[in-house]
Amino acid sequence: MKRNEFLRAGGILAASAFFSPNSLLAATRAKKEKLGIALVGLGYYSTDLLAPALKLTNNCELKGIVTGTPSKIEKWQQKYGIVDKNIYNYQNYEQIANNPDIDIIYVVLPPSMHREFTIRGAGTGKHIFCEKPMAPSVADCQAMIDACNKNKVSLAIGYRCQHDPNIQQMMKIAKERPFGKPRMINSAAGYFDNRTTHWKQNKALGGGVMGDMGVYALQGARLATGEEPISVIAQASTTRPEIYKEVEETMMFQLEFPSGARAACQTSFGINMNHLQVNYEKGWLKMEPQSAYNGINGSTSDGKIIKIQIENQQAKQMDEDSLALLNGNALIAPGEEGMRDIKVVEAIYKSVATGREVKI
Ligand code: NAD
């Protein structure tokens, strides 16, 4: 090693004592222009949204796949030029550790599998992106965060809406409070799911509408107030008991916030709805849709329109998270943010089970 290289390496090591694990990794890993992503689970979201979005990204690119269905491989290779050595299955997944093409593992499996694939993925030394809902329980979320910390890798949750400038505008209003304190929130997210056998109807796989669309209704209330709920009362129901045997089709929940604001939230696999209304002391904000892939928009009582066009939400999310990793900056939605929602989701299920208000 030349003297100046040695000094630079020494400087990095000395500086590492003061920097976050992120910045240390960013400094010591080979500097790449684009980070390589491996998608784990090639279902609807990977196929229709994430992989196409990865053709538009500047800071990351699709380099690998992890699948339990070998028949999918040829199509993915043809479409995305993925080389043989970057293809894995659920059994040999850990071998990603030795693959310099892959920097990020993106877990896009049913929620009950997020914990296992995040922990095994963190053990490979690669950063983790994990889809929402982070996991079925707070204990799962904590184990995922701990594994990433232990392996000095970062964990980002796929909260694409928090990367959308229209939602960021709403969060700015929550922070700066131009209309005073929030008083009443109505937040809804749902769609009609006509499938009859899917993991979304299976409890063991992490199904149920609350983790799926419910986190959008919950995020609407949390982000619009900028506060964490302190209590909840909830009611689950279904109009199709022959399909929703194990999990709820619809959940209605009321949240109470420290400022005294209250939120009435609804989520359903049986109803198309996607809106947020926040009434503040001196005005209001409305968003509809509040969590769509395209065209989130809204307005405020002072006549302002919130309508910022972006090319692709998922591309923006993965680009911003990758840039944060490259530069050693904080992530917009780290594991701790995913766990905040699951803490409320757990309280919601407890309230349904007991029929009572639950303190959070
Ligand atoms: P999907 O059912 O279409 O795909 C699931 C994938 O997991 C499939 O490739 C399937 O083969 C694989 N899998 C492995 N083991 C399985 C098992 N035991 N049962 C079922 N599938 C199994 O689901 P999806 O809609 O792609 O959702 C995957 C994840 O992405 C979920 O966490 C979901 O909440 C999330 N998601 C997020 C968004 C978003 O907007 N952020 C949108 C859709 C889905």
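**Close-ups of the ligand site and the cavity**

**View 1. K132 meets the ligand through its backbone.** In this predicted model, a backbone N or O atom of K132 sits 2.8 Å from one of the ligand's oxygen atoms. Taken on its own, the ligand would expose 830 Å², and the protein buries 82% of that area.

**View 2. L109 and K72 also reach ligand oxygen atoms.** For L109, it's again the backbone: an N or O atom there lies 3.2 Å from an oxygen atom of the ligand. K72 uses its side chain instead, with a polar atom 3.3 Å from a ligand oxygen.

**View 3. Here's the shell around the ligand.** There are 23 residues around the ligand, and Y44, K132, R160, H198 and W199 come nearest. Sort the shell by residue type and you get 13 nonpolar, five polar and five charged.

**View 4. Two domains contribute to the ligand shell.** Zoom out a little to see where the shell comes from. Domain 1 (3–160) supplies at least three of its residues, and so does domain 2 (165–308 + 336–359). As for the site itself, the ligand sits in the largest pocket.

**View 5. A cavity is also found in the structure.** Searching the whole structure turns up one cavity of 30 Å³ or more. The largest cavity has a volume of about 80 Å³. Its lining includes Y159, R160, C161 and Q162, along with I167 and M170. Y216, Q219, G220 and L223 line the cavity too, as do Q290 and S291. Look out for R160 in both places: R160 is one of the residues that come nearest the ligand, and R160 also lines the largest cavity.

Technical notes. Residues are numbered from 1 along each chain as its sequence is written. This is a predicted model: local features need pLDDT of at least 70, side-chain atom pairs count only at pLDDT 80 or more; totals for chains, interfaces and linings use all residues. Side-chain values use heavy atoms; hydrogens and water are left out. A residue is near a molecule or strand if one of its heavy atoms lies within 4 Å of it. A polar contact is a pair of N or O atoms within 3.5 Å; within protein, one must be able to donate a hydrogen and the other to accept it, and residues adjacent in sequence count only if both atoms are side-chain atoms. Accessible areas come from the Shrake-Rupley method with a 1.4 Å probe; for residues, only the protein chains shown count as cover. On a 1 Å grid over the protein atoms alone, a cavity is a set of points where a 1.4 Å probe fits but cannot get out, and a pocket is an open set with protein on both sides within 12 Å along at least five of seven lines; lining residues have an atom within 4 Å of a point. A molecule sits in a cavity or pocket if more than half of its atoms lie within 2 Å of its grid points. Ala, Val, Leu, Ile, Met, Phe, Trp, Tyr, Cys and Pro count as nonpolar, Asp, Glu, Lys and Arg as charged, and the others, Gly among them, as polar. Domain bounds come from an automatic or database domain assignment. Grid points are joined across faces, edges and corners, and a volume is the space filled by probe spheres set on the points.
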